[in-house]
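Here are some notes for a colleague who has not looked at this structure before. They take up the ligand, then the open and closed spaces, then two points of backbone geometry.

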Amino acid sequence: MRLLIVGAPGAGKGTQATRIAEHVGVPAISTGAIFRGEMASGSELGLKVKQIMDSGELVSDEITDAIVANRLKADDVAKGWLLDGYPRKLSQVEALDGMLAEGDDLLDAVISLVVDPEELISRLLDRAQTDGRSDDNEETIRTRMQVYTEQTEPLLAVYRERGLLEEIDGMGSVDEVSARIFRVLDELAGA
Ligand code: AP5
């Protein structure tokens, strides 16, 4: 299966991506996690993206598209993958379309997690207390939300038009949300 998971900051993309990956047996690839790994290792790329990540804006397409294109060439994704946090803007949709066309591949579904704005803020502020992620502060959260609304939300209409969008209620417990997603994916797999 080739899947995307989309949602506002704090919607639960990363949490659910791990569970979906296990459920369908494909690797979950998170661009945000890749960038955080680079920052933690102190690599040149990590240093390059740190300032932009800490501001809540998006890393350039040049860097992001190249990372995804490279990752999708690895052996472990031959049978499928789940992309978490990519694409995030229309230009990245086009880039991904190009990568898919190159391998004659098709997307199976785009899972969109829908969560109330107050709940998103509360989850991120809770995480700020526990994880210390450098972009979980009020100012950066505000920017991340705005970037999502302006640049990422328009992607939903594109994938709806293509008949790929699966909107999932992301409120409730982690298990409840997983169960909703699995139901949809199991139906797709059996179809
Ligand atoms: P990214 O890592 O993708 O961050 P994000 O979109 O802001 O999303 P989060 O990781 O904050 O939230 P999530 O939806 O994954 O939720 P999670 O499961 O963690 O990107 C970070 C940055 O990297 C971007 O700002 C940008 O700079 C850069 N970047 C990444 N991709 C890029 C791209 N394609 N192009 C350019 N730049 C890019 O959950 C959040 C919290 O809620 C956790 O504490 C979790 O435990 C909790 N939680 C989850 N589900 C529930 C639930 N059901 N109930 C209660 N709590 C829950």
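1. A word on classes comes before the counts. Ala, Val, Leu, Ile, Met, Phe, Trp, Tyr, Cys and Pro count as nonpolar, Asp, Glu, Lys and Arg as charged, and the others, Gly among them, as polar. On that basis the shell around the ligand holds 10 nonpolar, 11 polar and nine charged residues. Please keep in mind that the model is predicted.

2. Which residues come nearest to the ligand? There are 30 residues around the ligand, and those that come nearest are Thr-15, Glu-57, Arg-88, Arg-127 and Arg-144. As for the helices, at least two shell residues come from each of α1 (13-24), α2 (31-41) and α6 (117-130). Helix α2 gives the most to this shell, namely four residues.

3. Three polar contacts of the ligand can be looked up in the model. At Glu-57 the partner is a polar backbone atom, 2.6 Å from an oxygen atom of the ligand. At Arg-36 the partner is in the side chain, where an N or O atom is 2.8 Å from a ligand oxygen atom. At Arg-123 the side chain again supplies an N or O atom, here 3.4 Å from a nitrogen atom of the ligand. Taken alone, the ligand exposes 1000 Å², and the protein buries 87% of that area.

4. Where does the ligand sit? The ligand sits in the largest pocket, whose volume is about 820 Å³. The lining of this pocket is made of 39 residues, and Lys-13, Arg-36, Arg-88, Arg-133 and Arg-144 are the ones that lie nearest its centre. Two or more lining residues come from each of α1, α2, α6, α7 (138-152) and α9 (174-190). The largest share is that of α2, with five residues. Sorted by class, the lining has 12 nonpolar, 16 polar and 11 charged residues.

5. Some residues recur in these descriptions. Arg-88 and Arg-144 are among the residues that come nearest to the ligand, and both are also among those nearest the centre of the largest pocket. Arg-36 is listed near that centre too, and its side chain has the 2.8 Å contact with a ligand oxygen atom described above.

6. The second largest pocket has a volume of about 260 Å³. Of its 13 lining residues, Leu-72, Lys-73, Met-99, Gly-103 and Asp-105 are closest to the centre. Helix α5 (residues 90-102) contributes the largest share of the lining, three residues. By class, this lining divides into eight nonpolar, one polar and four charged residues.

7. How many cavities of 30 Å³ or more does the whole structure contain? A search finds one, and about 60 Å³ of space lies in this largest cavity. Its lining consists of Ile-5, Val-6, Gly-7, Ala-8, Pro-9, Lys-13, Gly-85, Tyr-86, Pro-87, Arg-88, Tyr-148 and Thr-152. Strand β1 (2-6) and helix α7 each supply at least two of these residues. The class counts for the cavity lining are seven nonpolar, three polar and two charged. Lys-13 and Arg-88 line this cavity, and both also lie among the residues nearest the centre of the largest pocket.

8. Two places in the backbone deserve a check. A cis peptide bond, with omega of about -5°, joins Tyr-86 and Pro-87. Pro-87 belongs to the loop between β3 (81-84) and α5, and both Tyr-86 and Pro-87 line the largest cavity. The other place is Asp-104, which is not a glycine but has a positive phi of about 60°. Asp-104 is in the loop between α5 and β4 (109-114).

Technical notes
Residues are numbered from 1 along each chain as its sequence is written. This is a predicted model: local features need pLDDT of at least 70, side-chain atom pairs count only at pLDDT 80 or more; totals for chains, interfaces and linings use all residues. Side-chain values use heavy atoms; hydrogens and water are left out. A residue is near a molecule or strand if one of its heavy atoms lies within 4 Å of it. A polar contact is a pair of N or O atoms within 3.5 Å; within protein, one must be able to donate a hydrogen and the other to accept it, and residues adjacent in sequence count only if both atoms are side-chain atoms. Accessible areas come from the Shrake-Rupley method with a 1.4 Å probe; for residues, only the protein chains shown count as cover. On a 1 Å grid over the protein atoms alone, a cavity is a set of points where a 1.4 Å probe fits but cannot get out, and a pocket is an open set with protein on both sides within 12 Å along at least five of seven lines; lining residues have an atom within 4 Å of a point. A molecule sits in a cavity or pocket if more than half of its atoms lie within 2 Å of its grid points. Grid points are joined across faces, edges and corners, and a volume is the space filled by probe spheres set on the points.
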